[in-house]
Protein chains: 2
Amino acid sequence: MLAPMKKPLDASLHLDEQLCFALYAASRRMTATYRPLLEALDLTYPQYLVMLVLWERDGLTVRELGERLQLDSGTLTPLLKRLEQAGLLGRRRRQSDEREVEITLTDAGHTLREGAADIPRCMAEKLCMSIDAFTRLRDELKTLATQLAPPTDPRE
Amino acid sequence: MLAPMKKPLDASLHLDEQLCFALYAASRRMTATYRPLLEALDLTYPQYLVMLVLWERDGLTVRELGERLQLDSGTLTPLLKRLEQAGLLGRRRRQSDEREVEITLTDAGHTLREGAADIPRCMAEKLCMSIDAFTRLRDELKTLATQLAPPTDPRE
DNA sequence: CATAATTTAATTGTGCACAATATAAATTTT
DNA sequence: AAAATTTATATTGTGCACAATTAAATTATG
């Protein structure tokens, strides 16, 4: 009699079975789909995310922006300097705490929001998803990210 | 009488409502979760993906690798040179067509697969998802990526 | 108060991503 | 066969990501 068949329960090393690759590929496709829309505004995708945060609430510090986007100063500092060069925002140390750098939108930065107003609708068209499927997938991804987040520092 | 309430159907510019950001953040969290596992193998995450493909089928060209991973030579050429430096693979022009560069695993490259064998199980533990939820999410992401893929060139 | 510890940004260095261009080989057209 | 086109890879340049280090300001502690 043959030995019992080995169950293929050992997770595989096949690319097409990986959740990580589906995620990685979809994320890059998504960014690529935004690219032509953002080119019209002279923004990269990460720059667009920063602008989204600042359009919601202006005057955040680099740290607060980083918490929101899960990016550190090594990424944000040069990105913010480029947006400053582009005339969309200003950076200045707070007088209350000179360690903190406050980011403030310029008039041009505020105005750019109008140019971005059509982007979500335009992207929604390309997605071809029901609002329900959209919301469900988005929230599943949020849950996944939370699950993968490093354990919270017990001091907090 | 008041004017009818405007439905918030105009897609929003709020960060937390964006599918794109959930995707972008989850993808980076996923890569960050792989990082300590891959450090033990001296691989970055994109390098790991290349190795996954080559463990499946050796002797692919740069173009074939790029099609599989959706990456171009600007990304792959330096990455492959680093893997070559690390002694995991070799690169040589094909005699049948000198334009093509064939990538072949070295013995060390083949052997590394054993060191990677535990990674999927280890990641599965951290995910805390049922096999069903895993498969469904993965396939939804594949569908999304396909939906966002540029239209195929009609010549093909 | 003095100094040690902590916090916040910036800097440096490595490795992707990706557009644009270059180069060379192969293929097709003329 | 020569010219034009296509294909495969490499190169260059820009902009993220992120680890590690540095520097400055603030807070905590003896």
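These entries record what I looked up about DNA strand C and the salt bridges in a predicted model.

I took local features only at pLDDT of at least 70 and side-chain atom pairs only at pLDDT 80 or more, while totals for chains, interfaces and linings use all residues. Residues are numbered from 1 along each chain as its sequence is written, chains are lettered from A in the order in which they are written, and side-chain values use heavy atoms, without hydrogens and water.

**Entry 1: DNA strand C**

I looked up the residues near the strand (a heavy atom within 4 Å of it) and found 26, of which Y24(A), S73(A), T77(A), K81(A) and T44(B) come nearest. Sugar and phosphate make up 79% of the strand atoms within 4 Å of the protein. I noted that this surface divides into 13 charged (Asp, Glu, Lys, Arg), 8 polar and 5 nonpolar residues.

I then checked polar contacts (N or O atom pairs within 3.5 Å). The side chain of S73(A) places an N or O atom 2.7 Å from a base nitrogen of strand C. A backbone N or O atom of E98(B) is 3.1 Å from a phosphate oxygen of the strand.

**Entry 2: Salt bridges**

I looked up salt bridges (a Lys or Arg side-chain nitrogen within 4 Å of an Asp or Glu carboxyl oxygen) and found 20 over all chains. R68(A) pairs with E56(A), with closest N and O atoms 3.6 Å apart. R68(A) lies in helix α3 and E56(A) in helix α2 of chain A, so the pair ties together parts 12 residues apart in sequence. R99(A) and D97(A) meet at 2.8 Å, N to O.

How values were computed. Polar contact = N/O pair within 3.5 Å; in protein donor to acceptor, adjacent residues only side chain to side chain. Helix = DSSP H or I, 4+ residues; strand = E, 2+ residues; numbered from the N terminus.
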